[in-house]
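Reader: I'd like a close look at one part of this model, and then a walk outwards from there through the rest of the chain. Could you take me through it in one go?

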Amino acid sequence: MSGHAARTATADVVCLGESMVTFLPSQPGRLADVPSFGRGIGGAESNVACALAAAGHRAAWVGRVGADGFGDHLVEAIAGYGVDTSAVRRDPDRPTGIYFRTATDRATDAHEVAYYRAGSAASAMSPHNVPYEDVLGGRVLHLSGITAALSADCLALLDDLTAPRENRPLISFDVNHRPGLWRGGDAGPEVLLGLARRSDLVFVGEDEAEEAWGLHGAEAIRAALPEPDVLVVKRGSDGVTVFSRDGDPAQDTVTDVPSLRVDVVAAVGAGDAFAAGFLSATLRDLPVRDRARHGHLMAAAVLTVPGDLTGPPPRAHADRLAALDDEAWGTLRLGPGWTAAAGANEEVRVT
C-alpha cells in the first residue's frame, strides 16, 4: 500500500461499525431450549480491529454505544485487545445492541440468531455525529456493508466516507451482505455494489455475490467491480482469487491462493479474521500471495477455537508458514493449538 503510506496517520487501521454484546449458548440446541448464555462481544469491524491490534498494529475502533452497562463492557473488552477506543461515542437515549445465537454452524438451517439492534445507538451514526478527524486519521479505513443496512443515517455516513476526497486513507470494504438487515425494500444489493465500487480494497464472497447480484464466478465479479485496486473474491474451501493492479489501471494480476486444511472447532469469525490477516500483510507491503496466505492463517486461528476472536499466531511463525512453497502449503494441516507452535510439529502437520 505504498501509495497511501505517505500520509501522516494516527493509526494503521481505523475500523468503523456497530459492535454488540453477544450471548453465547451454554449448550447446543434451539434458543427456546438453551438454559443459559455466556457473554461475549461481536461486530465485524471491531473483530477486525481486535485481531489487528493483537497482531501488533495500531488499530482503532470507532462506533456508538449506549450509556449503559453493555456499552461499558464493549468498550472495555475491545480496548483490552489493545484497540484505541477513544473515538467511541456514548448515546444517552439509545441502547447498546445485543444478540443471542445458537451453537450450531451458521451455514446450517438449525442455526438461530436473535438480534436486538433496532434503534440501537450505533444505528444513529451519521455524518453529523461521527468524529471525522479520527475516522479519516488512519492509513486504512475499514468498513462493511452491515453498517449501511442499519439506517438511512448510517448509509449516508458510508456514502460520504467512500466518496472521493483529497488525501483519503485506503478504503477497505467487506461487502458482508446480510439480507435480513435490509428491511423495507430490496435496495441492499445496489447500495453494496455502489459502496464497493468506490472503495480501494474489497472483500466479497463468491456465494454472497451470487445471492446479491446474480454473479457467477470470480471473473464476473471483477467485471462488475472494475474500480477497486484490489478485489478479493473468497471461494470458500477452494481458497481466494485476488485481482490486483500495480501501477497499470488497465491490467489486472490474478492470484489464486488455496485455502488451508483446518480441523474446525467452530465455524465463526473466519471472514473478519481473513480480512484482518490480509490487511496486516498489506500494511507490511507483502506480496499479494502472502497477503492472502496471512488471511488464511488468521482465519485458521479463529476456526480452531470456540469463539469469534483469538490471539493470532506469532508474526515470525505466520511469516514462515506463508513463505512455504506451493507443495508444502498444500499439504499443511492446522488444528487446535497450532498458533502456539514455534515450528512444524504435531500441531502443524504436513501430511
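**Starting from a loop**

Author: Let's begin with Asp285, which sits in the loop between helix H9 (270-283) and helix H10 (288-303). Keep in mind that this is a predicted model. The backbone is what makes this spot worth a look: phi of Asp285 is near 60 degrees, a positive value in a residue other than glycine. Most residues other than glycine have a negative phi. As for cover, Asp285 counts as partly exposed, because its relative accessibility is 39%.

There's a second case of that backbone setting at Asn167. Its phi is also near 60 degrees, again positive in a residue that isn't glycine. Asn167 belongs to the loop between helix H5 (152-161) and strand S10 (170-174). With a relative accessible area of 56%, Asn167 is exposed, while Asp285 at 39% is partly exposed.

Now step from that loop into helix H5 itself, where you'll find Ala156. Ala156 has a relative accessible area of 32%, so it's partly exposed. Look across to Pro127 while you're there: Ala156 and Pro127 are 29 residues apart along the chain, and their C-alpha atoms are separated by 6.9 Å.

Cys154 falls within the span of helix H5 (152-161), and it takes us indoors. Cys154 counts as buried because its relative accessibility is 0%. One of its contacts is Ala122, a residue that also touches Glu18 and Arg64, leaving aside anything up to four places away in sequence. Ala122 is in the loop between strand S8 (113-116) and helix H3 (132-135). Loop or not, Ala122 is buried, with a relative accessible area of 1%. If you want another marker for Ala122, try Gly71: the two are 51 residues apart along the chain, with their C-alpha atoms separated by 11 Å.

Since we've run into a cysteine, what does a search for disulfides find? Over the whole structure, it finds zero. Cys15 is in no disulfide, and the nearest cysteine sulfur to its own, that of Cys50, is 8.8 Å away. Cys154 is in no disulfide either; there the nearest cysteine sulfur is that of Cys15, at 16 Å. For scale, a disulfide here would need the two sulfur atoms within 2.5 Å. Like Cys154, which is buried at 0% relative accessibility, Cys15 is buried with a relative accessibility of 0%.

Cys15 leads on to Ala60, because the two count as touching when heavy atoms come within 4.5 Å, and Cys15 is among the contacts of Ala60. You'll find Ala60 in strand S4 (residues 59-62). Its other contacts, not counting residues up to four places away in sequence, are Ala11, Val13, Val14, Ala49, Val83 and Asp84. Ala60 has a relative accessible area of 11%, so it's buried. Val135 is a longer reach along the sequence: it is 75 residues apart from Ala60, yet their C-alpha atoms are separated by 8.7 Å.

One more strand residue before we zoom out. Ser244 is in strand S13 (residues 240-244), and with a relative accessible area of 8% it is buried. Leaving out residues up to four places away in sequence, Ser244 touches Asp229, Val230, Gln251, Asp252, Thr253 and Val288. Val288 brings us back towards where we came in, since helix H10 spans 288-303.

So what does the whole thing look like from further off? The secondary structure of the chain comes to 12 helices and 17 strands. Its radius of gyration is 19 Å, close to the 20 Å that the globule rule gives for 351 residues, so the chain is as compact as a globular protein of that length. Along the principal axes, the C-alpha trace spans about 55 × 50 × 40 Å.

The contacts tell you how the sequence folds back on itself: of those between residues at least 6 apart, 69% join residues at least 24 apart. Of the 351 residues, 56% count as buried. What's left on the outside is an accessible surface of about 14,500 Å², with 50% of it belonging to carbon and sulfur atoms. As for charge, the chain carries 31 positive and 47 negative side chains, and the centres of those two sets lie 3 Å apart.

Notes. Residues are numbered from 1 along each chain as its sequence is written. This is a predicted model: local features need pLDDT of at least 70, side-chain atom pairs count only at pLDDT 80 or more; totals for chains, interfaces and linings use all residues. Side-chain values use heavy atoms; hydrogens and water are left out. Helices (H or I, at least four residues) and strands (E, at least two) are DSSP runs, numbered from the N terminus. The radius of gyration is taken over C-alpha atoms; the globule rule is 2.2 Å times the number of residues to the power 0.38. Buried means under 20% relative accessible area, exposed over 50%, partly exposed in between (1.4 Å probe, protein chains only). Accessible areas come from the Shrake-Rupley method with a 1.4 Å probe; for residues, only the protein chains shown count as cover. Lys and Arg count as positive and Asp and Glu as negative; His and the chain ends are not counted. The place of a charge is taken as NZ of Lys, CZ of Arg, CG of Asp or CD of Glu.
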